[in-house]
Amino acid sequence: MNKHILRVIFPVITVLYLLSPEHAFAHVEQGQAIGFLTGFMHPWSGLDHVLAMIAVGIWGAQLGNPAIWLLPLTFPMLMALGAMMGLLGIPLPGIETGIALSDIFLGGVILGEIRLKMLLAMLLVGFFAIFHGYAHGTELPPGQSGMLYSMGFVIGTGCLHIIGIAIGLMHRWPAGRLALRGSGAFITLMGVIFLWRAVG
Amino acid sequence: MNRNTMRSSIGLAVAIFILSPSLACAHLVTTGMGPVYDAIGHLLLTPEDLVPAIALALYAGMRGAETGRRAMFMLPVAWLIGGLAGSSINFATSLPIPAVSFLILGGIIAADLWLPSSAVAGLAVMLGFVHGFLNGAVLKGNSGVTALLGIAAMLFIMAPIVSALALSLKKPWERIAVRVAGSWIAAVGLLMMGWAIRLRQ
């Protein structure tokens, strides 16, 4: 067998193996691992959500202790409450508008480095988190584990907050402060676009 | 065909074989090493039981060594007693008990709520008994008691380790990380509660 034949045979065997249907005993099996991954990836799937969750982390880092951990602690809990409202069928008007407004608000406070009272900041972040949870926490694909989807969803959200906090740590340098304010402007601008699409 | 191409081809073929769905004959945890190890596997692969146990261990550790020791002794014993009760009584519930455990324990951790040592021990007893009872209800049979012993033994090993880890966290940000994890557990509990109620509707 010469080299050329070997080169052809390997890819052919590989393709045949991949396409052979008799090996595919795939099944749902309550979707254990898939449920987690689907939930984990879900918060990353929409730019409006990604920006809001990263913005929470950035704003927390800008405000410093205790906001740096209190805001990312508030968001997932209230987001879960929003998802629960969605699961129970409690109506919530203007979901997409609320999500867009959350981007505008969070971008705005980062841009202006606005320092609100801690309780008020938590209430506002929590209020907007309800919209995010309502919109996305209930989108469990059929056949997957609700619990693992929920775990993935919350952990995915938490990871986005951590990314936001990591970005927000630039606040200790003058150039970093400027860059953060620039990111706030970008998030606000994107929020305006999302709002345009939501009401348009 | 040079060596590199040969290596790549073989590597690719092996990867495809490993990732092939033909081996996916999923089933309940069966280690092949008997009911004790099956039960250990069950505990480690069942977040409904594992996460509340870890959460309690973390909280007990955060409250200090004395509280941690007492709770960590109570938890496996209560789990075993609850399991024995569950395996001998015919009782079924549709209540979302794991969701409640997630919510309560996650909430306590997130809020860094101060509870006296006796209350933490009481919490350990309650958690152990209820979850053990649920385990026992599904482990009825010849190997049920042995399996429950496996779960209790695993808890006896795992919970103090987690508790000791929480106890060793001295820096403020480390304790905050645990509290954030608690908030995530509570959030998952809320979502689980929502799913449970939705399924009933």
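Here are some worked exercises on a predicted model with chains A and B.

**Exercise 1. Work out which secondary structure elements chain A and chain B contain, and in what order.**

Step 1: Start with chain A. Its secondary structure comes to eight helices and zero strands. Walking from the N terminus, you meet α-α-α-α-α-α-α-α.

Step 2: Now take chain B. Here, too, the count is eight helices and zero strands, and the pattern along the sequence reads α-α-α-α-α-α-α-α.

Step 3: Next, look at burial. Chain A has 200 residues, and 47% of them are buried. Chain B has 201 residues, of which 46% count as buried.

Step 4: Finish with the contacts between residues at least 6 apart in sequence. In chain A, 89% of these join residues at least 24 apart; in chain B, 86% do.

**Exercise 2. Decide how far you can trust chain A, using its pLDDT.**

Step 1: Check the overall score. The average pLDDT of chain A is 83, and 84% of the residues score at least 70.

Step 2: Look for a weak spot. Over residues 22-31 of chain A, pLDDT stays under 50. The model still has 17 contacts beyond four places in sequence for that stretch.

Step 3: Draw the lesson. Where pLDDT is low, don't read the predicted coordinates in detail.

**Exercise 3. Find the residues with the most contacts inside the largest nonpolar core, then follow one of them.**

Step 1: The largest nonpolar core has 112 residues, and L56(B), L75(B) and A124(B) have the most contacts inside it. The biggest contribution comes from helix α4 (residues 67-88) of chain A, which gives 15 residues.

Step 2: Pick L75(B). Leave out anything up to four places away in sequence, and L75(B) touches A53(B), L56(B), A124(B), L127(B), G128(B), L155(B) and A159(B). Two names on that list, L56(B) and A124(B), should ring a bell from step 1.

Step 3: Keep the general idea in mind: in soluble globular proteins, nonpolar side chains tend to be buried together.

**Exercise 4. Describe how α5(B) and α8(B) pack, and place F102(B) in that picture.**

Step 1: Get the geometry. The axes of helix α5 (residues 97-111) and helix α8 (residues 172-200), both of chain B, come within 7 Å and cross at roughly 155°. That angle is over 145, so α5(B) is roughly antiparallel to α8(B). Their crossing is left-handed.

Step 2: See who meets whom. On the α5(B) side, the residues include P98(B), F102(B), L105(B) and I109(B). On the α8(B) side, they include I185(B), A186(B), G189(B) and M192(B).

Step 3: Zoom in on F102(B), which is found in helix α5 of chain B. It has 29 other C-beta atoms within 10 Å, and the cut-off for buried is 20 or more, so F102(B) is buried.

Step 4: List the partners of F102(B), again skipping residues up to four places away: V51(B), P52(B), I185(B), A186(B), V188(B), G189(B) and M192(B). Also, the C-alpha atoms of F102(B) and A55(B) are separated by 8.1 Å, with their positions 47 residues apart along the chain.

**Exercise 5. Is S168(B) buried or exposed?**

Step 1: Locate it. S168(B) sits in the loop between α7 and α8 of chain B.

Step 2: Count the neighbours. S168(B) has 9 C-beta neighbours inside 10 Å, and 12 or fewer means exposed, so S168(B) counts as exposed.

Step 3: Check a distant position in sequence. S168(B) and G64(B) are 104 residues apart along the chain, while their C-alpha atoms are 9.5 Å apart in space.

**Exercise 6. Describe the packing of α2(B) with α7(B), then that of α3(A) with α5(A).**

Step 1: In helix α2 (residues 35-44) of chain B, the buried residues are P35(B), D38(B), A39(B), I40(B), H42(B) and L43(B). They pack against α3 (47-62) and α7 (144-167) of chain B.

Step 2: The axes of α2(B) and α7(B) are 7 Å apart, at an angle of about 50°. The two helices are therefore oblique to each other, and the crossing is right-handed.

Step 3: Switch to chain A. Helix α3 (residues 47-63) and helix α5 (residues 95-111) of chain A pack at about 30°, with their axes 9 Å apart. That makes α3(A) roughly parallel to α5(A). Among the residues making this contact are L51(A) and W59(A) of α3(A), and I99(A) and L106(A) of α5(A).

Terms used: Residues are numbered from 1 along each chain as its sequence is written. Chains are lettered from A and ligands numbered from 1 in the order in which they are written. This is a predicted model: local features need pLDDT of at least 70, side-chain atom pairs count only at pLDDT 80 or more; totals for chains, interfaces and linings use all residues. Helices (H or I, at least four residues) and strands (E, at least two) are DSSP runs, numbered from the N terminus. Two residues are in contact if their C-beta atoms, placed from the backbone, lie within 7 Å. A nonpolar core is a set of buried Ala, Val, Leu, Ile, Met, Phe, Trp, Tyr and Cys residues joined through C-beta atoms within 7 Å. pLDDT is the predictor's confidence in each residue, from 0 to 100. Axes are lines fitted to C-alpha atoms, for helices over the stretch in contact, and angles run from 0 to 180 degrees between N-to-C directions. Angles under 35 degrees count as roughly parallel, over 145 as roughly antiparallel, 65 to 115 as roughly perpendicular and the rest as oblique. A crossing is left-handed if the near helix is turned anticlockwise from the far one by less than a right angle, and right-handed if clockwise.
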